[in-house]
Amino acid sequence: MLTTKPTEKIIKEWQRIYNDYREQLFANRKTGEQVNNYFIEKYKPQKLSSDKLSNAVLYNIMENVPNREKLPLGAVPQIATYKVGQILVGIDLVTGFFHIEGEDIFLVSEIYDDLFLYRGLDEKDLANYFLVAQYIQLKQNDSMVIRRSKTADINSIMPIYDYAREQMALNGNPTQWIDGYPTKEIILNDIATGNSYVIESKWKVCGVFTFIIGTDPTYQKIDGKWLDDEPYGTIHRIASDGTQKGIFIECLNFCKSKISDIRIDTHSDNKIMQHLLYKNGFTKCGTIIGRDGAKRIAYQKKF
C-alpha cells in the first residue's frame, strides 16, 4: 500500500521491476465475489451498514477511469461494507475494488496488501508499471516469483547447480550431472537465448531452470511413445538451493501458463524427480538418449 509520495528514485525502481518481471506475468485477477469471500473467510468481519463507506467506494469507482472501466457494460457496483476491529472495509462485488479506512495504518496496510495480492492483476493492470511493481514486491515477500535470468545472475546460479550435484550424489544419483554439468558456458547460452529463468524469494535467487518451447532434438526418437505430436515446451536443468519448498510446482505453474503440453526427462537414478513427476500427474512415455549419450526416462503432461 502506497502511503507516501513516490520519489524519482522509487519510480525508477518500479519501472525496473516492471521491465524485469512483466513478461513473465499473466492475468489472474479474481472476481469481486471471490475477493469478498476471501476477506470474510480470513478476517471474520462484522457486517456493517454504512452509507458513508459505501459512497466512498462508489466514488472511487465511478470517478477513477481504470476502476470504472472494470464495470461490465450496464452493470452497477454492488458494495458490501464491514468492520474488523476499528478498521472499515468496503468491497465492490462487481469490480473487486476495495476501500479500507482506519487510524491503525499498519493494520490498514496489512489488509490492503493482502487483498491486493490475492485479487491479482488483469490485462489492463499488467500495462501499469506501478501496479505490476507493487504486486511483485508483495509477492516476493509472500511467496516466490519467476523472471528471465540475466548475465548478472550467473554468480547466484552456479552455486545452486553445485549444491544440486552434491544432493544428487547424496541421494543415490551421482552420475546424472557429472564433469561440472551444467557448465557456466551452457547457462550463459541459456541466458543469451532467453530460455533461462530464476525463481526468487525475498529478492534472493533460490531456484533456476531452462524452459524451451519447440522441438527438442533428443526427443525425436523415443523407445516408447509420446502422448501426442502437438507443440510442447521442455523443462531442463531445474535446480534449487534447498532453502524453499515448492520450486518444482512454481516452475510447472509458470511453464503451463505458456503452453499446455509439457515434456521433461530425468535419470533412472533420480528417484526424487521421478517422485515429483508422478505426484504431479506426468506420464512416463519411454526412454530417450540425452546429449551425453546416456539414457533418460521421458515424461509428458497435458494440461
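Begin by selecting K83 in this predicted model, and then look across to strand β3, where the bridge partner of K83 is L88. Widen the selection to residues 79-84, which form strand β2, and to residues 87-92, which form strand β3, and you will have two strands that pair in the antiparallel sense over six bridges.

Next, move to the turn of this hairpin, where two residues lie between β2 and β3. Pick out G85 there, and note that G85 takes a positive phi near 65°.

From the hairpin, keep β2 on display and add residues 46-48, which are strand β1; β1 and β2 pair in the antiparallel sense over three bridges. To see one position in this pairing, select L48, which stands opposite T81 in β2.

Now leave the strands and select two helices, α2 at residues 32-43 and α5 at residues 105-119, whose axes come within 10 Å and cross at roughly 135°. That angle makes α2 oblique to α5, because an angle counts as roughly antiparallel over 145 degrees. If you turn the view so that one helix lies in front of the other, the crossing of α2 past α5 is a right-handed one.

Finally, show the side chains where these helices meet: on the α2 side, select Q34, V35, Y38, F39, K42 and Y43, and on the α5 side, select E110, I111, D114, L115, Y118 and R119. Colouring this contact of α2 with α5 by residue class will bring out seven nonpolar, one polar and four charged residues.

Key:
Residues numbered from 1 in each chain as written. Predicted model: local features only at pLDDT ≥ 70, side-chain atom pairs only at ≥ 80, totals over all residues. Heavy atoms only, no water. Axes fitted to C-alpha atoms, helices over the stretch in contact; angles between N-to-C directions. Helix = DSSP H or I, 4+ residues; strand = E, 2+ residues; numbered from the N terminus. Parallel < 35°, antiparallel > 145°, perpendicular 65-115°, else oblique. Left-handed = near helix turned anticlockwise from the far one by under 90°. Contact = heavy atoms within 4.5 Å. Nonpolar A, V, L, I, M, F, W, Y, C, P; charged D, E, K, R; others polar. Pairing = 2+ DSSP bridges.
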